[in-house]
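This report looks at how side chains meet inside one protein model, moving from its nonpolar interior to a single lysine and then to its aromatic rings. Please keep the structure in view while reading, and find each residue as it is named.

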Amino acid sequence: MATSSAASFEKLTTPASGTAIRFENGQPIVPNDPIVPFIRGDGTGVDIWPATQKVLDAAVAQAYGGERRIEWFKVYAGDEACDLYGTYQYLPEDTLSAIKEYGVAIKGPLTTPIGGGIRSLNVALRQIFDLYCCVRPCRYYEGTPSPHKRPQDLDVIVYRENTEDIYMGIEWEANDPVCLDLIKHLNEVVIPANGKLGQRQIPVGSGIGIKPVSKHGSQRHIRKAIQHALRLEGDKRHVTLVHKGNIMKFTEGAFRDWGYELATTEFRDVCITERESWILDNVERNPGLSIEANSRMIEPGYDSLTPEKKAAIDAEVQGVLDAIGASHGGGKWKQMVLVDDRIADSIFQQIQTRPADYSILATLNLNGDYISDAAAAVVGGLGMAPGANIGDNAAIFEATHGTAPKHAGLDRINPGSVILSGVMMLEFMGWQEAADLITAGLSAAIANGEVTYDLARLMEPPVEPVSCSGFADAVIRHFGG
């Protein structure tokens with residue numbers, strides 16, 4: 001089938017065949033011959049992209065016997081784009097038009113530009129296409145070296161909000177005239193007018209950054225996380241709102257509150273909060289339990305509270321029983337999505353000491369950046385960490401590691417991150433059979449010790465490493481598991 005494109009390109013030629021992926025209500029409508037733009041990537045992209053494409057094509061061919069295929073469309077970003085389009089053309093309009101036209105793209109690692117006005121190509125792509133969910137699965141593949149005793153206990157998906165928080169880049173250098181004026185205004189007008197801030201003053205010579213967190217941005221992101229949890233089973237139907245709301249009450253704390261609001265309104269029929277689960281569980285264990293006794297069980301220090309605070313807890317318990325006792329009680333809540341929250345710093349400890357307790361971690365931008373890398377370290381490092389950036393009208397799947405230019409062209413780097421990002425792309429497209437072949441092949445290759453140097457040197461005993469392309473061949477060879 002010949003492709004038809006509304007986009008016009010300066011230096012690109014669209015594939016001779018294939019069909020664009022469309023989005024309806026935020027979901028992809030995928031033909032059997034989708035055109036998928038790919039960005040090879042800088043540095044080791046020259047090695048890991050060909051290996052990845054080979055694996056993806058082999059899986060699709062084996063899974064569907066020629067009924068489905070991907071029509072690859074090479075587009076440019078980073079240093080490779082500058083070579084073709086000119087100095088500082090890190091993100092040419094051709095590339096943006098192609099992604100907009102075809103909806104789903106995949107990319108290797110990109111160099112952070114020096115000069116040219118773009119702070120980060122990855123951040124720019126997320127903001128341009130409003131890819132508000134960064135999705136980072138962190139699971140263990142048997143045989144992967146890890147610094148932890150039981151890395152197999154960690155199987156989490158980090159949902160990191162992509163478009164708000166301090167990563168919006170609204171900040172000024174300390175000597176910027178705008179920064180100096182802003183500090184003066186805050187110190188002389190805003191802070192004195194706010195009685196809660198006391199005598200605080202922002203020191204002159206400070207850099208200033210703005211941290212926007214909106215209800216709309218938070219809830220559309222958490223909605224995606226809850227919808228993902230609904231596709232899971234058993235105790236994996238669990239979304240944890242990760243925040244630092246004990247300190248940043250009106251940004252991080254609001255993220256938590258808006259998440260609970262969403263769970264108990266839009267998703268009321270399929271969600272239960274942690275405190276609600278305690279209340280219902282207490283009654284199920286002891287049907288004659290009084291309201292006061294239930295309150296005492298869910299609230300530490302209940303007996304030392306003021307009468308007013310005790311009354312508030314009692315009213316909460318009674319309200320839960322009245323509102324959802326019939327619909328969620330009798331154990332029905334155990335099949336629903338459990339929504340709870342945890343302080344961000346404690347999650348770093350919890351994913352190491354109690355990893356099996358968590359499934360989906362919904363976070364703001366900065367916290368998600370830290371947590372996803374920390375979780376990746378538990379299960380083997382960034383070389384095996386895939387990533388996706390998803391919005392309502394586009395999705396870009398990507399390597400999560402850097403360009404490692406000193407290894408470029410040596411056919412030795414680990415392509416696992418991009419391969420697994422390709423798995424995420426196939427799953428997003430609904431091509432689960434092909435995705436499962438790759439997962440099985442990758443797991444078996446690692447378990448068999450057919451790994452690149454980064455993993456080989458950490459294995460006990462060490463094994464002889466395979467090349468980047470050799471690893472791709474091993475994954476394909478092991479599609480049967």
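In this predicted model, the largest nonpolar core holds 77 residues, and within that core Met 425 and Ile 438 are the members that touch the most others. If neighbours within four places in sequence are set aside, Ile 438 is in contact with Val 55, Leu 56, Ala 59, Ile 419, Val 423, Leu 426, Val 475 and Phe 479. Apart from this core lies another one, made of 27 residues, which include Phe 9, Ala 105, Leu 125 and Ala 394. As background, nonpolar side chains in soluble globular proteins tend to be buried together.

A lysine deserves attention next. Lys 107 is part of strand 5, which covers residues 104-107, and an unreviewed UniProt entry lists Lys 107 under "modified residue: N6-succinyllysine". Is Lys 107 buried or exposed? Its relative accessibility is 1%, and because buried means under 20%, Lys 107 counts as buried. Not counting residues up to four places away in sequence, Lys 107 touches Ile 39, Asn 122, Leu 125, Ile 396, Phe 397, Glu 398, Ala 399 and Val 418. With one of these residues, Asn 122, the side chain of Lys 107 also makes a polar contact of 2.7 Å.

The aromatic rings come last. A search of the whole structure finds 9 aromatic pairs, and two of them are set out here.

| Pair | Distance between ring centres | Angle between planes | Arrangement |
|---|---|---|---|
| Phe 23 and Phe 428 | 6.2 Å | 40 degrees | tilted |
| Tyr 64 and Trp 431 | 5.7 Å | 70 degrees | edge-to-face |

Phe 23 lies in strand 1 (residues 22-24) and Phe 428 in helix 13 (residues 416-428), so this pair ties together parts that are 405 residues apart in sequence. Both Phe 23 and Phe 428 are buried. The pair of Tyr 64 and Trp 431 likewise links distant parts of the chain, with Tyr 64 in helix 1 (residues 45-64) and Trp 431 in the loop between helix 13 and helix 14 (432-447), 367 residues apart; Tyr 64 and Trp 431 are both buried.

Elsewhere, Phe 9, Phe 73 and Tyr 102 form one aromatic cluster, and Phe 9 is also a member of the core of 27 residues. Rings meet charges as well: the charged end of Lys 11 sits over the ring of Tyr 85, 5.5 Å from its centre, while Lys 310 lies over the face of Tyr 302, at 5.7 Å from the ring centre.

Definitions and conventions. Residues numbered from 1 in each chain as written. Predicted model: local features only at pLDDT ≥ 70, side-chain atom pairs only at ≥ 80, totals over all residues. Heavy atoms only, no water. Core = buried A, V, L, I, M, F, W, Y, C linked by side-chain atoms within 4.5 Å. Buried < 20%, exposed > 50% of the residue type's maximum accessible area, 1.4 Å probe, protein only. Contact = heavy atoms within 4.5 Å. UniProt positions renumbered as here; feature names shortened; annotations may be inferred. Helix = DSSP H or I, 4+ residues; strand = E, 2+ residues; numbered from the N terminus. Polar contact = N/O pair within 3.5 Å; in protein donor to acceptor, adjacent residues only side chain to side chain. Phe/Tyr/Trp six-rings, centres within 6.5 Å; stacked < 30°, edge-to-face > 60°. Lys NZ or Arg CZ within 6 Å of the ring centre and 35° of its normal.
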